[in-house]
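Thank you all for coming. I would like to walk through one protein with you, starting with its aromatic rings and then turning to two of its helices.

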Amino acid sequence: MRQLERRRVSLSAGLKIGDHRGCCRTLEEEEVHIPFAQDSLVKQWSSMQNVTDRNQEKSEMPVQRNKYFLNINVGGTLFHIACKVAARYPVTRLGKLAIYTDPAKKLRLCDDYSVQKNEYFFDRDPSIFHYIFHFYRSGVLWIMDEMCPSNFVEEIEYWGIHLKYSQRCCRILFEEKQDELSENLKIQKELEAELEPLESAEQFEGKCLGQFRKMIWNLIENPYSSVPAKIIAVMSSFFVLISIVGMTLSTVEEMKHKTGKKWMELLEMICAIFFTSEYLMRLISSSSFKKFLRAALNAVDLVAILPFYIQILFENLDEGDTLYHEELHQMENVSKLGKVLKLIKLMRIFRILKLARHSTGLRAFGFTMRQCYQQVCCLLLFIAMGVFTFSALMHSVEHDVPGTNFTSIPYAWWWAAVSLSTVGYGDTVPDTVLGRMVAFGCISFGIILNGMPISILYNKFSDYYAKLKAHENETSLSLKLSRRLRFKERVLRKLSECCGADPRCHH
C-alpha cells in the first residue's frame, strides 16, 4: 500500500510532477524550509537595530551577493524573491527590477539601494506588501475585508499589479466596497459644500473695497460671524413669514375693502424693500458676478422681489390702457394684463423658499431630493403606470353601468390617483363587484408602492440632516472660539498699553 505523503505548506505551484522533495520532508527539514511569509524570507528590520554594533558590522565579511534573488526592503521588512518568479510578470515593478540589467533603470524603480547589502528599499506599506509577495509566489492576489480600498488600490497600482489577478468573488466584493466608499466620500464633500458660503473671506483680498465688501459679506452670508449678522438672519426669516401671511390675508373677503387693501399694499412694499436691499447687498459683496447668478438661492431671492416690481409695471400699463378703452382689442389687452397680474402675484409664494438659506432641515430635504432623484423618478413612473392601468380596468368594468362617473379613461384617472395614494375621498366609487375588486387591487398596489421608498428617503434624510447639523455646529463652535481668542488678545493688548502709559507700572 502506497504511503501517504505530507502536504506542502507553501501555496506556490512551483513543484514539478514527480518531484517529492517539497512534500516529503522530515520535521527538521520542514523547519529549515521556509515557505511564504516566514522568518527567513521576511525579516523584521529597524533603523535603530544595529546602531550600537557599527564597529562589529565593519569587522564582518561583506555579504555574498546572490544574483538569483532580489532583496526587497519594504518599510523596514526584508523580503527575498527569486528573479525567475518576479520575471514572470515583466510589467510589474519587481518584474522590471528582475529583468533590467542597467543599474540606472533599477535605481529609478526603487527609493534607495544599499550596495553593501544588495537591498532595494521601498518606502511603502509592508503590511500590504505581504499580499504582493504572496501574489508573486502563488499567482493569486488575495484581498482582505479589513483593508482600506483606496489604500490597497494605491499600493497595487504602485507595484504595477492589476486587480484582475484576484479571485472573482473577492474582486466583486472589493469593487462594491470601493464604490460604496467613493459614493460616501462624494456625498460628504457635497454635504460640506452645502453649508459652505458662496464666497470665502480670502477672495476679497486685493480687490476694490475689499474690506468693506468682506464686512457686508459676513453680515449677510455668515450669521455666526457676529451678533448683527445673526439679527439680520432672523429678520430675513421674519419678513418672509410676514410676507406670506400678508399674501394669504389679502385673499380674505373682509380685507379686500379700501382700508384693508391699503394696509396689505403697505406691508408688501416694506417686505419688498427689505428683500431688495438684502439682494443688492449680496450682489455688492459678491466677488464673482457669474457665480452669484448661477447660485440657486440667489435665484430664489430674485424671484422673491420681481413680482412686486412687475406688478407695479403692469398696473401702470393697465391704467394707461383704460384711457383708450373705446377700441375692442385694447379692452382685450386689459383683460389679458389682469390675468398676467394675478399670475405674477401668485409667484410671491416662492418667497417661502428663502427660508432654506437659514434652515438646515430645508437644505437637508433639498439635498435628499437631489441625491435620490432616481428613486423619486422610479416612484413617479410606477404611480403613472398604476394610474393608467387601473383607470383602464375600471373603465372597462364600469362604463356600462347607468349613471356611472367612469365614462372614459381620463375621467377615471382622478379616482386611480386618489386610490393609489390611499386617500380615498369617496367622491367616485365603483358599483359592480368586479369594479370593487379592481379598486381593492388598486388600493393594495398603492400601499405596497408607498411603503417601498419612504423608508429609504427617510433614512437618507435623517442621515443628511444629522451630518449637516454636525457640520454647522462645528463651524459655529470654531467661530466662537476664534472670537474668544480675538477678545482675549484685545484685552491683553489694552492692558499692555495701559501699563505702558502708566509710569507707576515701571516702579
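**Aromatic pairs, two helices and confidence**

The structure holds 23 aromatic pairs, where rings of Phe, Tyr and Trp (for Trp, the six-membered ring) pair if their centres lie within 6.5 Å, and planes under 30 degrees apart count as stacked, over 60 as edge-to-face and the rest as tilted. One of them is the pair of Tyr89 and Tyr165, which is edge-to-face, with 5.8 Å from centre to centre and 80° between the planes. Tyr89 lies in the loop between helix H3 (83-87) and helix H4 (93-99), and Tyr165 in the loop between helix H7 (149-159) and helix H8 (168-195), so the pair ties together parts that are 76 residues apart in sequence. The helices I name, and the strands, are DSSP runs numbered from the N terminus, a helix being H or I over at least four residues and a strand being E over at least two.

Before going on, I should say that this is a predicted model, in which local features need pLDDT of at least 70 and side-chain atom pairs count only at pLDDT 80 or more, while totals for chains, interfaces and linings use all residues. Residues are numbered from 1 along each chain as its sequence is written, and side-chain values use heavy atoms, with hydrogens and water left out.

Are the two tyrosines, Tyr89 and Tyr165, buried or exposed? Tyr89 is buried, at a relative accessible area of 15%, whereas Tyr165 is partly exposed, at 27%; buried here means under 20% relative accessible area, exposed over 50%, and partly exposed in between, with a 1.4 Å probe and protein chains only. Leaving aside neighbours within four places in sequence, Tyr89 is in contact with Gly95, Phe135, Tyr136, Gly139 and Tyr165, a contact being heavy atoms within 4.5 Å. Of these, Gly139 is 50 residues from Tyr89 in sequence, and the two are 9.5 Å apart in space from C-alpha to C-alpha. The ring of Tyr165 also has the charged end of Lys164 over it, 5.7 Å from the ring centre, and in a similar way the charged end of Lys105 sits over the ring of Tyr100, 5.5 Å from its centre. For that description, NZ of Lys or CZ of Arg has to be within 6 Å of the ring centre and within 35 degrees of the ring normal.

There is also an aromatic cluster, formed by Phe79, Phe122, Phe129, Phe133, Tyr158 and Trp159.

Let me turn to helix H9, residues 210-221, which has 12 residues and reaches 16 Å from its first C-alpha to its last, close to the 16 Å expected at 1.5 Å a residue, where the expected span is 1.5 Å times one less than the number of residues. The buried residues of H9 are Gly210, Arg213, Ile216, Trp217 and Ile220. Seen down the axis of H9, these buried residues fall within an arc of 130°, so they line one face of the helix, the arc being that of the directions from the helix axis to the C-beta atoms. They pack against helix H10 (227-249) and helix H11 (258-285), while the face of H9 turned away from the buried side carries the exposed residues Gln211 and Met215.

Helix H17 is my second example, and its buried residues are Ala412, Trp415, Ala416, Val418, Ser419 and Leu420. Ser419 counts as buried at 9% relative accessibility and, not counting residues up to four places away in sequence, touches Cys442 and Ile443. After H17 comes Thr422, whose phi is positive, near 60°.

Stepping back, the secondary structure of the protein comes to 18 helices and five strands, and buried residues make up 30% of its 507 residues.

How confident is the prediction, on average, by pLDDT? The protein averages a pLDDT of 76, and 77% of the residues score at least 70, pLDDT being the predictor's confidence in each residue, from 0 to 100. Confidence is lowest in helix H1 (residues 27-32), at a mean of 40, and highest in strand S5 (residues 119-122), at 92. Over residues 1-64 the pLDDT is below 50, and this stretch has 60 contacts in the model beyond near neighbours in sequence. It also stays under 50 over residues 322-331, for which the model has three contacts beyond four places in sequence. Where pLDDT is low, the predicted coordinates should not be read in detail.
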